[in-house]
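Visitor: I've got a model open and want a quick tour of it. Can you take me through the strands and the charged pairs?

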Amino acid sequence: MIRNGNADLQMIPLDCVIKNEIRHFPGVSIRYEGTEGIVLADDLVGEILWNLLDNSVRHGGPDVSIRIGVWEEDDAVTVSVEDTGPGIPLGKKTTAASGTEGHGLGIIRELVTGYGGELRIADRVSGRPNEGATVRFTLRSASGMDSTVRSDDGDRVLKVQGGTSLLLGVE
């Protein structure tokens, strides 16, 4: 286990994390519309996205298209990474979700469960495993909490009050 319980978890603006990881894959068709979601995680949360994007590019080849979606329900934020690659064969989906298949997916599973979330793997198109994969994971939302979060670049300060994000300004 990488972490224990809530120790070292902090409020992380997910949009900054996702955009930062997308920058590591120039020239790849990645569609992402942004999010205001703030999650309870630590500085390793970007490894989840990097590993998923890397898997999509490595297995999908140069023409792969990737879509990242984010939505919030109740006390969880769900992140979905879909690609148009060859998909994950039926027999490997269960072992991939358990982390016993593929080093990257094992890291993803450890991080997600360490943050109190869940990992799910499916066909992008139901019943058509050769038309891409969808990996969804949940993280605990920090929306109901009051706190101040500094952006990754250290310039912007975000005040979160009961789930509402307010940009306080540039320092």
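**Charged pairs and strands**

Visitor: What separates Asp15 and Lys19 in helix α1?
Guide: They sit four residues apart in helix α1 (residues 14–22). Helices here are DSSP runs of H or I with at least four residues, strands are E runs with at least two, and both are numbered from the N terminus. Given that four-residue spacing, the separation is about one helical turn.

Visitor: Which pLDDT do local features need in this predicted model?
Guide: Residues are numbered from 1 along each chain as its sequence is written, and side-chain values use heavy atoms, leaving out hydrogens and water. The model is predicted: totals for chains, interfaces and linings use all residues, side-chain atom pairs need pLDDT 80 or more, and local features need at least 70.

Visitor: How far apart are the closest N and O atoms of Asp15 and Lys19?
Guide: Asp15 is buried at 17% relative accessible area, while Lys19 is partly exposed at 40% (buried is under 20%, exposed over 50%, partly exposed in between, with a 1.4 Å probe and protein chains only). The two form a salt bridge, meaning a Lys or Arg side-chain nitrogen within 4 Å of an Asp or Glu carboxyl oxygen. The closest N and O atoms are 3.0 Å apart.

Visitor: Which residue joins Arg67 and Arg136 in a network of salt bridges?
Guide: Arg67 in β4 meets a strand β5 residue 15 places away, at 3.6 Å from N to O. Arg136, in strand β7 (residues 128–140), pairs with a β5 residue too, so parts 54 residues apart in sequence get tied together; that N to O distance is 4.0 Å. Both arginines are partly exposed, Arg67 at 30% and Arg136 at 31%. The partner they share in the network is Glu82.

Visitor: Is strand β5 largely enclosed or open, and how many of its residues are buried?
Guide: Strand β5 covers residues 76–83 and is largely enclosed by the rest of the structure. Its Glu82, for one, is buried at 16% relative accessible area. That enclosure follows because the buried residues number seven of the eight.

Visitor: How many bridges join strand β4 to β5?
Guide: Strands pair if DSSP finds at least two bridges between them. β4 (residues 65–73) and β5 run antiparallel, with Val70 and Val79 as one set of bridge partners. The number of bridges is eight.

Visitor: What phi does Asp74 take in the hairpin of β4 and β5?
Guide: Asp74 lies in the loop between β4 and β5 and is exposed at 78%. The hairpin has two residues between its strands. Phi of Asp74 is positive, in a residue other than glycine, and is near 50 degrees.
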